[in-house]
There are 2 protein chains.
Amino acid sequence: MPTETDPRFLRSREAILHAARELLLEKGPAAVTHVQVAERAAVGRATVYRHWPRAEVLLGEAMATVPMPFLAEPTVPTRDWLRRELTAIARQLDLDDVRAVSTTLAGTALWDENMDARRAQFAGILRGRLAAALDDAQARGEITLAIPSENAAAMAIGPMYYRSTIERTPIDAVLIEATIAALGTWSA
Amino acid sequence: MPTETDPRFLRSREAILHAARELLLEKGPAAVTHVQVAERAAVGRATVYRHWPRAEVLLGEAMATVPMPFLAEPTVPTRDWLRRELTAIARQLDLDDVRAVSTTLAGTALWDENMDARRAQFAGILRGRLAAALDDAQARGEITLAIPSENAAAMAIGPMYYRSTIERTPIDAVLIEATIAALGTWSA
């Protein structure tokens, strides 16, 4: 196997990650396969397989370098915005590939510092965005929070994440409404 | 590597899993290491490493064959029982080894049928026990459920699981109280 500083491999590596990101953004996580990535990057499939034996790890690296779209740019009413965002997260978590990435990220992070840094970044963005949106909503009188706002990501995303990765059943609107209601008393 | 039907390996395998289960029950998940399991099973460390290169997979197999202690035998008042049980689950999830097992189980289940069967059994027991306890509590007038009782495991355990495996910060009493409150209106 070439070392990390082999310039030929570094070029392939960059091309492979670039192709994976493009496929992710154009066609979604299911498109980030060894075959499609190799074709798009114009490298042999064996090269992709050798460096990323499991496609979900490659997808994880690609995901870590694209902007996180969820819970960005809150709109008012906050409850409607939150329902749309949580529904979008739920649809992603219902995809096998996203489930694979999130569990791989959580598992690998326990013994790999780079993956742990990605996990922390990912979790911190979601927690920060949701806390800020809910603090603003409370300041506007839209909600009286039942919990500290930094707990909101765990309270809102946790049940969907458990449903998706542990119970492995689809996330329905009833569960999403329940998590929204659990955040506090909505005024409208 | 010996095949699965090699009688010598099958004997070692049984001894290794037996030792892992004993260590798990006597000393907790952190004790299920290659070294301690090999010593207890009276087999060479190399044998344990060869068949379970990652200790958390061995721990996962051992865990799958011991009784699941959580949420068993509800007592009244249900809210106090639930607080104790969720606190016990939280303490387990705060252990690195248990985090490793749960994420390994969730991840490996995506491509391994045996692991998926264990995941389904594990999730089904938790969901069934909590739903039954809450239905009984509602029948006694202790709570008016805000959610279908089969959603309770995701609502109660999900936030702790997300906090532990994605946010990687300790589960505090505030989060546990918030999940208990989210299940419905408690009468006392």
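These legends walk through several close-up views of a predicted model.

Residues are numbered from 1 along each chain as its sequence is written, and chains are lettered from A and ligands numbered from 1 in the order in which they are written. In this predicted model, local features need pLDDT of at least 70, side-chain atom pairs count only at pLDDT 80 or more, and totals for chains, interfaces and linings use all residues, while side-chain values use heavy atoms, with hydrogens and water left out.

**View 1. Chain A from end to end.** Let us start with the whole chain: 9 helices and 2 strands make up its list of elements (DSSP runs numbered from the N terminus, H or I of at least four residues for helices and E of at least two for strands). Along the sequence, the order in chain A is α-α-α-α-α-α-α-β-α-α-β. Its C-alpha atoms fit a box of roughly 60 × 30 × 30 Å along the principal axes.

**View 2. Helices α1 and α2 of chain A.** Two packed helices are described by the angle between their axes and the distance between the axes. Here α1(A) (residues 7–27) and α2(A) (residues 34–41) have axes that come within 8 Å and cross at roughly 115°; axes are lines fitted to C-alpha atoms, for helices over the stretch in contact, and angles run from 0 to 180 degrees between N-to-C directions. The two helices are therefore roughly perpendicular (angles under 35 degrees count as roughly parallel, over 145 as roughly antiparallel, 65 to 115 as roughly perpendicular and the rest as oblique). Their crossing is right-handed (the near helix is turned clockwise from the far one by less than a right angle; anticlockwise would be left-handed). Residues in contact (heavy atoms within 4.5 Å) include Ala15(A), Ile16(A) and Leu23(A) of α1(A) and Val37(A) and Arg40(A) of α2(A). By class, this contact has 7 nonpolar, 1 polar and 4 charged residues (Ala, Val, Leu, Ile, Met, Phe, Trp, Tyr, Cys and Pro count as nonpolar, Asp, Glu, Lys and Arg as charged, and the others, Gly among them, as polar).

**View 3. Helices α5 and α7 of chain A.** The axes of α5(A) (residues 78–93) and α7(A) (residues 113–139) come within 10 Å and cross at roughly 160°, which means that α5(A) is roughly antiparallel to α7(A). This crossing is left-handed. Thr78(A), Trp81(A) and Leu82(A) of α5(A) meet Leu130(A), Ala133(A), Leu134(A) and Ala137(A) of α7(A). The contact has 6 nonpolar, 1 polar and no charged residues.

**View 4. Where chains A and B meet.** On each side of this interface, 39 residues are in contact with the other chain. About 3200 Å² is buried between chain A and chain B, 66% of it on carbon and sulfur atoms (buried area is the accessible area, with a 1.4 Å probe, that two parts lose on being put together, summed over both). Leu110(A), Tyr162(A) and Ile166(A) supply 20% of the area that chain A buries against chain B, more than any other three residues.

**View 5. Salt bridges across and within chains.** Look for a side-chain nitrogen of Lys or Arg within 4 Å of a carboxyl oxygen of Asp or Glu, and you have a salt bridge. Across the interface of chain A and chain B there are 4 salt bridges. One salt bridge joins Arg168(B) to Asp116(A), with the closest N and O atoms 3.5 Å apart. Within chain A, Glu167(A) pairs with Arg163(A) in a salt bridge whose closest N and O atoms are 2.9 Å apart. Both residues lie in α8 (residues 152–167) of chain A, 4 residues apart, about one turn of the helix.
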